[in-house]
Amino acid sequence: MPQPLNYLKETPSQTAGPYVHIGLAPGAAGFQIFERELGWDIAGPDAPGERIRVEGVVLDGTGAPVKDVMLEVWQADANGIYPHPEDPRAAEVAKGFRGWGRVITDFETGVWGFDTIKPGAVTGRNGRIMSPHLNLWIVARGINIGLNTRMYFEDEDNAADPVMNLIEQAHRRETLLARKVAPGQYRFDICLQGDGETVFMDI
Amino acid sequence: MKPAPKPAEFYQRDRLWQPPAHAPNYKTSVPRSPRQALLSLQGSMSEITGPVFGHDDIAPLDNDLLKNYAKTGDPVGERIIVHGRVLDENGRPVPKTLVEIWQANAGGRYRHKKDSYLAPIDPNFGGCGRTLTDENGFYYFRTVKPGAYPWRNWVNNWRPAHIHVSVFGTAFAQRLITQMYFEGDPLIARCPIVQTIPDPKAIEQLIAPLDMNAAIPLDSLAYKFDIVLRGRRSTLFENRLEGN
């Protein structure tokens, strides 16, 4: 027998369930408990950059909106800097910029939305520039392990993006493009399954 | 001040250990699971970074579910302490990371406008809490043991007593939501959500043992629940991320 490796195993994921809001957005569950609910302010009031609003729905495999989803957003500031110690430029991140947000859907319509700033391009692996994008993580009842995806902008040049170009079927790249519906307003629908299924990632 | 760590990747997630998206005995997973394969991405700055939280974000009572929604007295139920450590796959502690929990009350009722189960709301119990791990990765909560509750899956399905747990780690790639179960609960083996996890060893990792050493005599029992997040690659590989 070889020596044992002795790594621990990652804790298995479980669905967030239908009442995820109790823990992560209690105001939406119907009660006030925390002085500060986290995740409502992604960019802060002072960060420079183009202010944008993103809205969408998450659709299930039958085409119906998923009304109990929670999304988290992680993004760079307008200069492409993440507010995190492993970003080599973290010291220059925009003042008050958090980069992280958490939103839930409207229980009646399934629409979610958040206000932020448009991120700048970020340097990816091997020095390749990644087009501006938001990193999204989606959990809900029926989703056993959180789904990762990215949202890109249709009004940016995404032709050289190294992640977009990893998607073998070119038409599936479009599932990651947010449509510009008005100045500063984008629509990004996520399709969990079936026709037009969004590209999800194992990161 | 410590120098900023060099960018590092994370060990690949073991998708044979984790539950698959499509687990048909948990019926809602059928229309909510992707049919196409996931796109495998090596970590870039977008994946190896993640939100940072501090004590400004939370209040001192946020980890005490006996007190954080108390109106006229303490909630009804078995008083327990849930404590443990957040580690990575290398066994290293994950300090200063945000742990959030939510749960039903002692009767299995959630304080949520969408929960219509006939067991009553407890006026002194909210059911959520949050805390930051300390510099050695330790965390604890004080709460009541949640009750089992019925759900519409098969005709007569009941969830085991459980506490939902959300953890961040240091990177968006480590983000995890799971559920903690209680040692000895006969409903665990009967639950289609538990059984979405294929490996019995992996299921055991979600079952918190009774921890008499941490119980407080004449006050509270205790359960221990350690959480393991993906391991960060050692320095051996660190200079490969940006260059070559």
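Select strand E8 of chain A, residues 147–153: 7 of its 7 residues are buried, so the strand is mostly covered. Buried here means under 20% relative accessible area, exposed means over 50%, and partly exposed lies in between, with a 1.4 Å probe and protein chains only. Strands (E, at least two residues) and helices (H or I, at least four) are DSSP runs numbered from the N terminus.

The model is predicted: local features need pLDDT of at least 70, side-chain atom pairs count only at pLDDT 80 or more, and totals for chains, interfaces and linings use all residues. Residues are numbered from 1 along each chain as its sequence is written, chains are lettered from A and ligands numbered from 1 in the order in which they are written, and side-chain values use heavy atoms, leaving out hydrogens and water.

**Stop 1: E8(A) and its neighbours**

Show the side chains of E8(A). In a regular strand the side chains alternate between the two faces of the sheet. A:Leu147, A:Thr149, A:Met151 and A:Phe153 point one way, A:Asn148, A:Arg150 and A:Tyr152 point the other way, and all are buried.

Next, add strand E7 of chain A, residues 133–139, which runs antiparallel to E8(A) and is joined to it by 6 bridges. Two strands count as paired if DSSP finds at least two bridges between them. To find the register, select A:Asn135, which stands opposite A:Arg150 in E8(A).

Then add strand E9 of chain A, residues 177–182; E8(A) and E9(A) pair in the parallel sense over 2 bridges. Here A:Tyr152 stands opposite A:Leu177 in E9(A).

**Stop 2: the annotated spans**

Select residues 54–82 of chain A, which the UniProt annotation "domain: Intradiol ring-cleavage dioxygenases" (unreviewed entry) covers. UniProt positions are given in the numbering used here, feature names are shortened, and annotations may be inferred rather than shown by experiment. The end C-alpha atoms of this span lie 20 Å apart, and the span is 0% helix and 38% strand.

In chain B, UniProt places the feature "domain: Intradiol ring-cleavage dioxygenases" (unreviewed entry) at residues 82–110. For residues 82–110 of chain B, the end C-alpha atoms lie 19 Å apart, with 0% helix and 41% strand.

**Stop 3: salt bridges**

A salt bridge is a side-chain nitrogen of Lys or Arg within 4 Å of a carboxyl oxygen of Asp or Glu. By this rule there are 26 salt bridges over all chains.

Start with B:Asp57 and A:Arg36, whose closest N and O atoms are 3.7 Å apart. This pair crosses between chains, from the loop between helix H1 (45–48) and strand E2 (79–88) of chain B to the loop between helix H2 (26–29) and strand E1 (51–59) of chain A. B:Asp57 is buried at 6% relative accessible area, while A:Arg36 counts as partly exposed at 42%.

Move to A:Glu86 and B:Arg232, a salt bridge with the closest N and O atoms 3.0 Å apart. A:Glu86 lies in the loop between strand E2 (70–74) and strand E3 (100–104) of chain A and B:Arg232 in the segment after strand E12 (227–229) of chain B, so the pair joins two chains. Both A:Glu86 and B:Arg232 are buried.

Now select B:Asp74 and B:Arg79, whose side chains meet in a salt bridge (3.2 Å, N to O). B:Asp74 is partly exposed at 32% relative accessible area, and B:Arg79 counts as partly exposed at 27%.

Finally, pick A:Glu72, A:Arg102, B:Glu100 and B:Arg175, which salt bridges with shared partners join into one network.

**Stop 4: A:Arg102**

Centre on A:Arg102 in strand E3 of chain A. A:Arg102 is buried, with a relative accessible area of 2%. Its contacts (heavy atoms within 4.5 Å), not counting residues up to four places away in sequence, include A:Trp40, A:Met70, B:Ser166 and B:Phe168.

**Stop 5: nonpolar cores**

A nonpolar core is a set of buried Ala, Val, Leu, Ile, Met, Phe, Trp, Tyr and Cys residues joined through side-chain atoms within 4.5 Å. The largest has 87 residues, and those with the most contacts inside it are B:Trp102, B:Val165, B:Met180 and B:Ile227. Strand E9 of chain B, residues 176–182, gives the largest share of this core, 5 residues. A second, separate core of 25 residues includes A:Phe114, A:Leu147, A:Ala178 and A:Tyr186.
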